[in-house]
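Q: I am new to reading protein models and would like to look closely at one part. Please start with a single hollow, then follow the trail wherever it leads.

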Amino acid sequence: MSAETEDAAALAGLDNLEQDTQVKTRPSAGEIGARIWRSAWPKLLAIVLAVAIWEIVYLLNLKPHVVLPGPFQVFPNLWDQLNHTQLWKAIGLTLRQAVEGFALALIVGTVVGLVVARVPPVRAAVGSLITGLQTIPSVVWIPFAIILFGNNSTAILFMVIITAAPSIANGLIAGVDLTPPLLLRAGKTMGLRRFELYRSLVLPAALPSFVSGLKQGWAFAWHGLLAGELLVIVPNLASIGVLLVSDQDQTDMTGVIAIMIVILVLGVLVDVLFNTLNESLRRRRGLAQAPSTAKGWRLATGIAR
Amino acid sequence: MTTEQQSALNGHAPPATAAPAAGTEVAVAIDDVTKVFGRGSSRLVALDGVSLSVAPGEFVCLIGASGCGKSTLLSLVAGLEEPTAGTVSTGGRRVAFMFQEPALFPWLTAVQNVELPLRANGVGRPERRRRALELLDSVHLSGFAGKRPHELSGGMRQRVALARALAQDADVLLMDEPFGALDAMTRDLLHELLEGIWRRQGFSVLFVTHEVREAVRLGDRVVLLSSRPGRVLEEFDVHGERPRGLESGDTVQRALEIKARLNEEVMRHVS
Ligand SMILES: Nc1ncnc2c1ncn2[C@@H]1O[C@H](COP(=O)(O)OP(=O)(O)OP(=O)(O)O)[C@@H](O)[C@H]1O
Ligand SMILES: [Mg+2]
């Protein structure tokens, strides 16, 4: 055996030693079930507790039952509404407005973010303005939107864009700024220039921060959208906000709480979506926090595959 | 002192011989380079009148105390920084840089990382993949092409970084303490790996380390820098057979001499 092949063998031996400790097994269906249960039961418990406290408050008769109904009035009401098309149409309409507005905000925010990150004079001029926009509470935009566009769905779309775009732009700017200097040096010595440097290094490096910006932008857009739906009354368009207002007009607290639960669930579902995206991004880069047990680690990586 | 050690000591080349004879080809020419960082009270002279040349195919090791400007010198050669005074020239040769950290792109797999410089050089996709896999094979990592950096050990990452540097097909390879963070056994193996590739391909290497023994193990020439400001203090020609053992008597002996000189320099700063 020549010295060189001997070295290759020795290296391979070391590599195997290293990799042996990371054996990954595919989780069985039972393991996946156990995992889901582990993450689900604290949440279920929290819901049960919240409902129980609500019922206790209801039974204490602090307020008339019409003004503060208990869970056993609200959930049947919700169930009933879920069996009729009106609520589903409202959900569909609201989500459509959210998605359309968010898509436009995504385009606006990304373009503005890129320009600000790339062009120093633009950054000096509007960099802090973007952060300033983020501090404006979303309802503050409503008079502006109504006067500018009138009582119609364009005003609502505007609400979504103006509230979401600054966060999206800021996420991108922060991500570009946080490109690790060492990687930048490596990229430059590798001959990556201008467009190629952006495509291969700066943008991928900015991705996690961009996704955080998207998540925050979505939260603001959701606020802006519902504020818009509650206050910009568009004729013939029964969105979730409109249902809420009509329940308020009829002093139907049961209906109000039922719709609020729908809003809560929608918000949580989208949040889970963003978290999953974020998590899989981080895991691909080895940034995910190590689960506490070796078994958890294997499960996590096994599922990621 | 034996005659052999005596002759080794006499082998010191005085700094004056650093400049090559007229007409000799030079891969890297560093001429009277000064680098100053900051200004006013925070002004720091990192390098002060450093002259050094590396011949094509030569393996030069740069040693010196921490903070003496070794990394700065490499950055100047790579064109990442501009000298305050003096000139650095590589005569249009391609320069690759390998850092102490692997500096791999964490969102790319090992093979995609190696493909990057090929893409920057406009190599087409199928050819790129083929060459990248070949390079990974040359660092004995063909089985790990699809792994992401965080799934590899430190030594493997550094080998991927070496493959990536080799992918630039450079004439000059700059290495800044590339094996500093590795265990002794992996480092030994990587020394032989690097030496083998270097001997086959014949590029020049400018290799920074603060391990004197590593410098003697690898270098044709060892250049000792002084601290604050950085100057070339002395150059040592290291003749001898390759591969040299890191623990061989010859290596140890030479390293001791150079270390003595380095200590002298450090002690000068204590007083
Ligand atoms: N960008 C910079 N701005 C200001 N000072 C710098 C900069 N880069 C390096 N220096 C200073 O220049 C001096 C030389 O730094 P350099 O990193 O080249 O040292 P080194 O010899 O590589 O040290 P080490 O062995 O610890 O890696 C140090 O005092 C350092 O603080
Ligand atoms: Mg250094």
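A: Let's begin with the second largest pocket, whose volume is about 490 Å³. A pocket here is an open set of points on a 1 Å grid over the protein atoms alone, with protein on both sides within 12 Å along at least five of seven lines. Its volume is the space filled by probe spheres set on those points, which are joined across faces, edges and corners. Before going on, keep in mind that this is a predicted model, where local features need pLDDT of at least 70, side-chain atom pairs count only at pLDDT 80 or more, and totals for chains, interfaces and linings use all residues. Residues are numbered from 1 along each chain as its sequence is written, chains are lettered from A and ligands numbered from 1 in the order in which they are written, and side-chain values use heavy atoms, without hydrogens or water.

Now for the walls. The lining of the second largest pocket consists of 15 residues (each with an atom within 4 Å of a point), and those nearest the centre are A:I47, A:I261, A:L264, A:V265 and A:V268. Two elements of chain A, α2 (29-59) and α11, give two or more residues each to this lining. Helices are DSSP runs of H or I with at least four residues, strands are runs of E with at least two, and both are numbered from the N terminus. Of the two elements, α2(A) has the largest share, with eight residues. By class, this lining has 14 nonpolar residues, no polar ones and one charged one. Nonpolar covers Ala, Val, Leu, Ile, Met, Phe, Trp, Tyr, Cys and Pro, charged covers Asp, Glu, Lys and Arg, and polar covers the others, Gly among them.

Next, follow α11 to where the chains meet. The contact (heavy atoms within 4.5 Å) draws 32 residues from chain A and 36 residues from chain B. Together the two chains bury about 3000 Å², with 61% of that on carbon and sulfur atoms. In chain A, the residues that lose the most area to chain B are A:L11, A:T189 and A:M190, together 21% of what that side buries. Buried area is the accessible area (1.4 Å probe) that two parts lose on being put together, summed over both.

One salt bridge is counted between chain A and chain B, out of 18 over all chains. The term means a side-chain nitrogen of Lys or Arg within 4 Å of a carboxyl oxygen of Asp or Glu. B:R119 pairs with A:E196, and their closest N and O atoms are 3.1 Å apart. B:R119 sits in helix α3 of chain B and A:E196 in helix α9 of chain A, so this pair joins two chains.

On the side of chain A that touches chain B, α1 (3-20), α8 (181-189), α9 (194-231) and α11 (253-284) each supply at least two residues. The largest share there, nine residues, comes from α1(A). That side has twelve nonpolar, seven polar and 13 charged residues.

A:T189 and A:M190 return in another space: they help line the largest cavity, along with residues including A:A186, B:F97 and B:P102. A cavity is a set of points where a 1.4 Å probe fits but cannot get out. The structure holds three cavities of 30 Å³ or more, and the largest has a volume of about 70 Å³. α8 of chain A, with β6 (95-98) and α5 (154-167) of chain B, each supply at least two residues of its lining, and α5(B) gives the largest share, three residues. This lining has eight nonpolar, two polar and two charged residues.

Finally, look at B:P102, found in the loop between β6 and α3 (110-120) of chain B. Leaving aside residues up to four places away in sequence, B:P102 touches B:R157, B:Q158, B:A161 and B:R164. The C-alpha atoms of B:P102 and B:R187 are separated by 14 Å, with the two residues 85 residues apart along the chain.
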